[in-house]
Amino acid sequence: YISQTFSSCVSLLRNGVLTTVAGKCGFGGYADGDPLQARFQHPHSISLDPRNESVLYLNDAECWDDEPFPDDQKWQPCAKTSGGVCFSGIRKLELDRSTGSVVRVSTLSGKNSPKRSYTYYYYSCNDFADGDQSEAMFNFIHGTAFLPLSEDEKAQKQAGESLGGSDAIYVADEDGNRIRKVDLQTKITTTVAGSGKDGLVDGAGSKATFNYP
């Protein structure tokens, strides 16, 4: 699975054949639902849940490349659909394991704004807020990860047993200088490390600082 950041789509490379499985390449925006009707902003990377390999999680950061060429992209992907909507958060892509295709796109966490507007340092969808699915806000996500499998889980997986899915996904909130955690059952987002200030300080989670993780 390939996250095409500047084309705002997700592709599958399988047996030498490249296929668009979610979104429409070259057309950005924000929409859930049917995979080919779904729209993304800047999908930076995708993480397969090691405990449920029928689900991908994609970190989607607001579209910022619609300035006039040559500064940014000629085709201005995010301006073509959704009227310049702004979104920053985590998307969930459910898979058909037999074909590899995406069957549904939904939002796990993060807010969207109908129109992109600039207020002080942030665009309207970029800020910091912990809370449930409707409250949480992120500031330019640039990576996600799961806890590695334990030895017991590896043995269960090797034996063909279902692990049922991970409990949480961890998020590098780049411009927020924080590491966040989204509970996959409750969909509540919390901060596990970082004060929000940029720096290189180790220590307790709330005292530690990061430099654009």
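Here are three short exercises on a sheet and the disulfides of this structure, each with a worked solution.

The model is predicted, so local features need pLDDT of at least 70 and side-chain atom pairs count only at pLDDT 80 or more, while totals for chains, interfaces and linings use all residues. Residues are numbered from 1 along each chain as its sequence is written, and side-chain values use heavy atoms, with hydrogens and water left out.

**Exercise 1: the sheet**

Work out which strands of the open sheet stand at the edges.

Step 1. Get the order: the four strands run β4-β5-β6-β7, with antiparallel pairing. Strands here are DSSP runs (E, at least two residues), numbered from the N terminus, and two of them pair if DSSP finds at least two bridges between them.

Step 2. Count partners: β4 (42-48) and β7 (102-113) each have a single partner strand, so these are the edges, and one side of each is left without a neighbour in the sheet.

Step 3. Add the twist: neighbouring strands of this sheet are turned by 20 degrees against each other on average, direction ignored. The axes behind that angle are lines fitted to C-alpha atoms, and angles run from 0 to 180 degrees between N-to-C directions.

Step 4. Zoom in on one pair: six bridges join β4 to β5 (residues 55-61), and serine 47 sits opposite tyrosine 57 of β5.

**Exercise 2: the cysteine 9 disulfide**

Find which parts of the chain the link of cysteine 9 and cysteine 25 ties together.

Step 1. Check the bond: a disulfide is a pair of cysteine sulfur atoms within 2.5 Å, and the sulfurs of cysteine 9 and cysteine 25 are 2.1 Å apart. At 90 degrees about the S-S bond, this link is right-handed.

Step 2. Place the ends: cysteine 9 is in strand β2 (residues 9-14) and cysteine 25 in the loop between β3 (17-23) and β4, so the tied parts are 16 residues apart in sequence.

Step 3. Look at accessibility (buried is under 20% relative accessible area, exposed over 50%, partly exposed in between; 1.4 Å probe, protein chains only). Cysteine 9 is buried at 0%, whereas cysteine 25 is partly exposed at 33%.

**Exercise 3: the other link**

Decide whether the disulfide of cysteine 86 and cysteine 125 is left-handed or right-handed.

Step 1. Start with the distance: the two sulfur atoms are 2.0 Å apart.

Step 2. Read the torsion: about -50 degrees about the S-S bond, so the disulfide is left-handed.

Step 3. Locate both ends: cysteine 86 belongs to strand β6 (residues 86-95) and cysteine 125 to the loop between β9 (122-123) and β10 (141-145), so the pair joins parts 39 residues apart in sequence.

Step 4. Finish with burial: cysteine 86 is buried at 0%, and cysteine 125 is buried at 1%.
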